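Reader: I should like to learn how to read strand pairing, burial and backbone angles from a set of coordinates. May we proceed feature by feature, with the general idea placed before the case at hand?

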Amino acid sequence: DRAYHNEIGSLISGTYDMCFVIKENYVSHKIPTQTKRQSPVHVAIKSLEPGEGKYFWIGTYSGLYKINNEEIVYRSDSDDEWQQSVYSILENNDNSLWLGTLNGLWEYKNGEYSSFGKKNKLLSHRINALYKNNNNLFVGTKGKGLIVVDLNDYSTKVINTENGLSSNSVTSIAGYKKEIWIGTNKGVNRLKFSNNTLESISRIDNGQGLKGDEINQILID
């Protein structure tokens, strides 16, 4: 995973055991994320999320890390004994976090972790991608499709192959105006909404010239 942080002006690249900070097309330095007691596979970086100022969040196989001024200032596995494989991170305006993990959706707020998978089985499966639009949280799962959470009352709607999604394994989500773009293991889907109601789903795959159907990440320019 990679994240570009405007405040730092750097490209942050995450690997199995450290972050590389790239400035002006060269690696300026490295930020180790493993300890001597850990195997690199346990801290493999799966997600990156820039925050306000000069800090950013790292999701690893063993938990959530916070990097500030190029140093680790928080580790959930040791500081709070919270260990989950974190595949997606989304920061809110109040500095709370939505976390997509191997074991569903979690919230990190005021120093505490809350599992939404315990309240709703739909949110207990592996989550690969998160995207927030207005007061809706779009949750991309591995095998259960796209789940839309209304953050007003935490009600959920499911969009899957029965609705026209090309696959129930969602890998990435991006938004543009009233459109939500979904990357899956079977191509790209464009979802159009009107007043929070799904109007249509269109599909782009190798039949439309896509070189491969396995989508890892989407960026809207």
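Reader: Which residue stands opposite G183 in strand 19?

Author: The model is predicted. G183 stands opposite V188 of strand 19. That pair belongs to the ladder between strand 18 (residues 179–184) and strand 19 (residues 187–194), which run antiparallel and are joined by six bridges.

Reader: In what order do the strands of this open sheet lie?

Author: The order is 17-18-19-20, four strands with antiparallel pairing. The edges are strand 17 (170–176) and strand 20 (197–204), each of which pairs on one side only. From one strand to the next, the twist averages 20°.

Reader: How many helices and strands does the protein chain have overall, and what share of its residues is buried?

Author: The chain has one helix and 20 strands. Of its 221 residues, 47% are buried. The chain exposes about 12000 Å², and carbon and sulfur atoms supply 42% of that area.

Reader: How should one read the two faces of a strand, and which residues of strand 14 lie on each side?

Author: The general idea is that in a regular strand the side chains alternate between the two faces of the sheet. In strand 14, N136, F138 and G140 lie on one side, while L137, V139 and T141 lie on the other; both faces are covered, and these residues are all buried.

Reader: Which strands pair with strand 14, and in what sense?

Author: Strand 13 pairs with strand 14 in the antiparallel sense over six bridges, and K132 stands opposite L137 in this arrangement. These two strands form a hairpin with two residues between them, and N134 in the turn has a positive phi of about 55°. Strand 14 is also joined to strand 15 by five bridges, again antiparallel, with G140 opposite L146. That second hairpin has four residues between its strands, and G143 in the turn has a positive phi of about 110°.

Reader: N136 is a polar residue in strand 14; why does N136 count as buried?

Author: The cut-off for burial is under 20% relative accessible area. N136 counts as buried because its relative accessibility is 10%. Its side chain joins that of N196 through a polar contact of 3.0 Å. Leaving out residues up to four places away in sequence, N136 touches Y131, V148, V149, D150 and N196.

Reader: Which residues touch the most other members of the largest nonpolar core?

Author: That core has 13 residues, of which F138, L146, I173, I180, I182 and L191 touch the most other members. Strands 13, 15, 17, 18 and 19 are the elements that give two or more residues to this core. Apart from neighbours within four places in sequence, the contacts of L191 include L146, I159, L165, I180, I182, L198 and I201.

Reader: Where in the chain are N95 and N195 found, and what is the phi of each?

Author: N95, which is not a glycine, has a positive phi of about 70°. N95 lies in the loop between strand 9 (86–91) and strand 10 (97–101). N195 also has a positive value without being a glycine, with phi near 55°, and is found in the loop between strand 19 and strand 20.

Reader: Is each of these two residues exposed or partly exposed?

Author: N95 is partly exposed, with a relative accessible area of 45%. N195 counts as exposed because its relative accessibility is 74%, the cut-off for that class being over 50%.

How values were computed:
Residues numbered from 1 in each chain as written. Predicted model: local features only at pLDDT ≥ 70, side-chain atom pairs only at ≥ 80, totals over all residues. Heavy atoms only, no water. Buried < 20%, exposed > 50% of the residue type's maximum accessible area, 1.4 Å probe, protein only. Polar contact = N/O pair within 3.5 Å; in protein donor to acceptor, adjacent residues only side chain to side chain. Contact = heavy atoms within 4.5 Å. Areas by Shrake-Rupley, 256 points an atom, 1.4 Å probe, with all protein chains shown as cover. Pairing = 2+ DSSP bridges. Axes fitted to C-alpha atoms, helices over the stretch in contact; angles between N-to-C directions. Core = buried A, V, L, I, M, F, W, Y, C linked by side-chain atoms within 4.5 Å.
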